[in-house]
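Work through the exercises below with the structure open. Each task is followed by a solution in steps.

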Amino acid sequence: MEKVTTKIDPDLCVGCGLCVQVCPVKTLSMVNGKAEVTGDLSLNCGHCQAICPEGAVTVGAIDETMSEFVTFQGDSNWLAYGEFNTGQLVRLMASRRSCRSFLSRPVERSVLEDLVKIGCTAPSGTNCQLWTFTIIPTREALMAFGEQIRSFYMKLNIMANNGLLRKFLKFIGKPELDTYYREYYQTVKEGLEEFDRSGVDRLFHGAPAAIVVGCKANATLPREDALLASQNILLAAHSMGLGSCLIGMAVEPMKRDIRIQNAIGIPHDEKVYAVVALGHTAEEYRRIAGRKKVTVRYFEP
Ligand SMILES: Cc1cc2nc3c(=O)[nH]c(=O)nc-3n(C[C@H](O)[C@H](O)[C@H](O)COP(=O)(O)O)c2cc1C
Ligand code: SF4
């Protein structure tokens, strides 16, 4: 938890107790009929500020500019439960597709910055919000990043092509290289050759921009936080007229070779969990793609 940054204006407080009830960590209490900060620690989640009917609460840790958007008209009014059109929400979710055919048209930096703020509306473990966003704003920058990724896979493919090495590693209980060889080696080989031959970018699918989503090491649940923020970005991108694609192929090399994330300015104490390629898209779908049958079960003792 963090230091308390909540302030309550006693002149505005009417003592309804709502902020005390909603505080998840009992930072606030009622004292002589008014709310007071009595705890030392806080999640700085802002529940108290959001629920106060009198506007008596402020949480200093909350940066108001994170809710200000440049490229669209934001609406900061809280939407009551059940007030949104679920059909339209699901339509947006189901219409998002992983784009593999981006146009070269650049994406404005202000759009990318708004997408980062939208990412940050996601929940995070203990509200730590320790996610980080590295914007790769141009095709040139993305190509330079891609070069690092390609060089990683070139070296990996040389190793994976060595049958003796694969067998030895498997023998000592490290079957990963053998699994990679069976599942990815050939596709990666073809992708690398095609890029060398004709510049076709099977990695980022020609995207003109990307956002690399990571998290600082001291986050409570870094992977979950980063991926929830990423999903927000994917959905918002669609609503803003952009295609998107998660590029897991670019995440794995950064996990295995810290120098790659350092090369794009991400320090050692952060981990990368998602690379979201973004751009205007050449794809135009006619209908929503369905999903496979899912396993659903009840547990009712
Ligand atoms: C964690 C993760 C990693 C992914 N990595 C890649 C990737 O490296 N390249 C790619 O083209 N698509 C990648 N995808 C996209 C999936 O292939 C895609 O989500 C899936 O085929 C379903 O299609 P849809 O996203 O259009 O619904 C990734 C998706 C996820 C969730
Ligand atoms: S919600 Fe606002 S008015 Fe109600 S007790 Fe808390 S500070 Fe006072």
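Two strands count as paired if DSSP finds at least two bridges between them. The model used here is predicted.

**Exercise 1.** Find the bridge partner of lysine 216 in S10, and state how many bridges join strand S8 to strand S10.

Solution. Start at lysine 216: its bridge partner in S10 is glutamate 270. Next, take the strands as units: S8 (residues 209-216) and S10 (residues 270-279) run antiparallel and are joined by eight bridges.

**Exercise 2.** Give the strand order of the open sheet and explain why one side of S7 and of S9 is left without a neighbour.

Solution. The four strands follow the order S7-S8-S10-S9, with antiparallel pairing. Strand S7 (131-136) and S9 stand at the edges and each has a single partner strand, so one side of each lacks a neighbour in the sheet. On average, neighbouring strands are turned by 25° against each other, direction ignored.

**Exercise 3.** Describe how helix H8 and H9 are placed on the sheet.

Solution. Helix H8 (residues 222-239) lies across S7, S8, S9 and S10, at about 10° to S10. H9 touches S8, S9 and S10, and its direction makes about 155° with that of S10.

**Exercise 4.** Which polar atoms lie opposite the oxygen and nitrogen atoms of ligand 1?

Solution. Take the oxygen atoms first. One is 2.9 Å from a side-chain N or O atom of arginine 96, and an oxygen is 2.7 Å from such an atom of arginine 100. A nitrogen atom of the ligand is 2.8 Å from a polar backbone atom of glycine 248. Taken alone, ligand 1 exposes 620 Å², of which the protein buries 58%. Strand S9 (243-246) and helix H9 (248-256) are the elements giving two or more residues to its shell.

Notes: Residues numbered from 1 in each chain as written. Chains lettered and ligands numbered in written order. Predicted model: local features only at pLDDT ≥ 70, side-chain atom pairs only at ≥ 80, totals over all residues. Heavy atoms only, no water. Polar contact = N/O pair within 3.5 Å; in protein donor to acceptor, adjacent residues only side chain to side chain. Areas by Shrake-Rupley, 256 points an atom, 1.4 Å probe, with all protein chains shown as cover. Axes fitted to C-alpha atoms, helices over the stretch in contact; angles between N-to-C directions. Contact = heavy atoms within 4.5 Å.
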